[in-house]
Amino acid sequence: MRVNVVTMFPGFFEGPLDTSIVARAVAGGQLDVVLHDLREHGVGKHRQLDDTPFGGGPGMVMMIEPLASILAPLESTHRVLFTPAGEPMKQATLDDWSGRDDVTFVCGRYEGVDQRVIDLFVDQEVSLGDYVLAGGEVAAAAAIEGIARLLPGVVGNPDSTRSESFRDGLLEEPVYTRPSTYLDQEVPEVLLSGDHGRIEEWRQTQREERTRERRPDLFENGQ
Ligand code: SAM
């Protein structure tokens, strides 16, 4: 699939695109990331991207024209603006995007984008969480990594993406590896028993208890 990223800072993505699973997805041809540099579409000889807000107030607003000149030709793609005012990004959001041929991520800066950009050129507004970052690039990088690991053939064992947190409305159970004793901390006896029925029963109980304690909102929804 192809992911377009609209950003004032294409250099930001050098590390995330060159690392681990995302790099593997790009090298394997499952993922193509196209960076669109907003500055190249800036207005006038100073390549202006922002202007003062109508009605006054602090900060600057991203202008329509630079964004429109990139987003209008990408109309056939699913265009997503990252904003704290959007719907929360969830595993289901990544599932949806990873099943598409093309997604376009718009990274805001300053106080945000002129509302008419959203009305005319954006299909979905998505938030990374209930906090304010300086720009949408971190959200785009998180989304790209979350998508990459869902693309066929990128993660070696597809079961690992099918059985993890959020898949069935539950958080994942605790996991352990060698050594079986560290300081005075023991691995739960059941995991060393070789009894697969008991192990699965223990894991399911752990998933339910953890979710009830840590994320009662998820647990209630799953019941
Ligand atoms: N004035 C905006 C507000 O109060 O909602 C915040 C603007 S923020 C400083 C600049 C840009 O960072 C936003 O336009 C958005 O693209 C991005 N951003 C910041 N926090 C975000 C979040 N939690 N989720 C997604 N994008 C975020």
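Visitor: Which pocket is the space taken by the ligand?
Guide: The ligand's space is the largest pocket. A pocket here is an open set of points on a 1 Å grid over the protein atoms alone, with protein on both sides within 12 Å along at least five of seven lines. A molecule sits in one if more than half of its atoms lie within 2 Å of its grid points.

Visitor: Before we go on, what am I looking at?
Guide: This is a predicted model, where local features need pLDDT of at least 70, side-chain atom pairs count only at pLDDT 80 or more, and totals for chains, interfaces and linings use all residues. Residues are numbered from 1 along each chain as its sequence is written, and side-chain values use heavy atoms, with hydrogens and water left out.

Visitor: Okay, how many residues surround the ligand?
Guide: There are 18, and the closest are Phe82, Gly108, Leu128, Tyr131 and Leu133. To be near, a residue needs a heavy atom within 4 Å of the ligand.

Visitor: Which element gives the largest share of that shell?
Guide: That's E5, with 3 residues. Strands are DSSP runs of at least two residues and helices of at least four, numbered from the N terminus.

Visitor: What polar contacts does the ligand have?
Guide: A polar contact is a pair of N or O atoms within 3.5 Å. A polar backbone atom of phenylalanine 82 is 2.5 Å from a ligand oxygen. Ligand nitrogen atoms are involved too: one lies 2.8 Å from a backbone N or O atom of tyrosine 131, and one lies 3.4 Å from a backbone N or O atom of threonine 83.

Visitor: And how much of the ligand does the protein cover?
Guide: The protein covers 82% of the 580 Å² of accessible area that the ligand has on its own, by the Shrake-Rupley method with a 1.4 Å probe.

Visitor: New topic: what is the peptide bond from arginine 178 to proline 179?
Guide: That bond is cis, with omega near 0 degrees. Proline 179 sits in the loop between helix H7 (159–162) and strand E8 (181–182).

Visitor: What's up with the phi of arginine 47?
Guide: Arginine 47 has a positive phi of about 50 degrees, though it isn't a glycine. Its loop runs between strand E2 (32–37) and strand E3 (50–51). Most residues other than glycine have a negative phi.

Technical notes. Polar contact = N/O pair within 3.5 Å; in protein donor to acceptor, adjacent residues only side chain to side chain. 1 Å grid on protein atoms, 1.4 Å probe; cavity = no way out; pocket = protein on both sides within 12 Å on 5 of 7 lines; lining within 4 Å.
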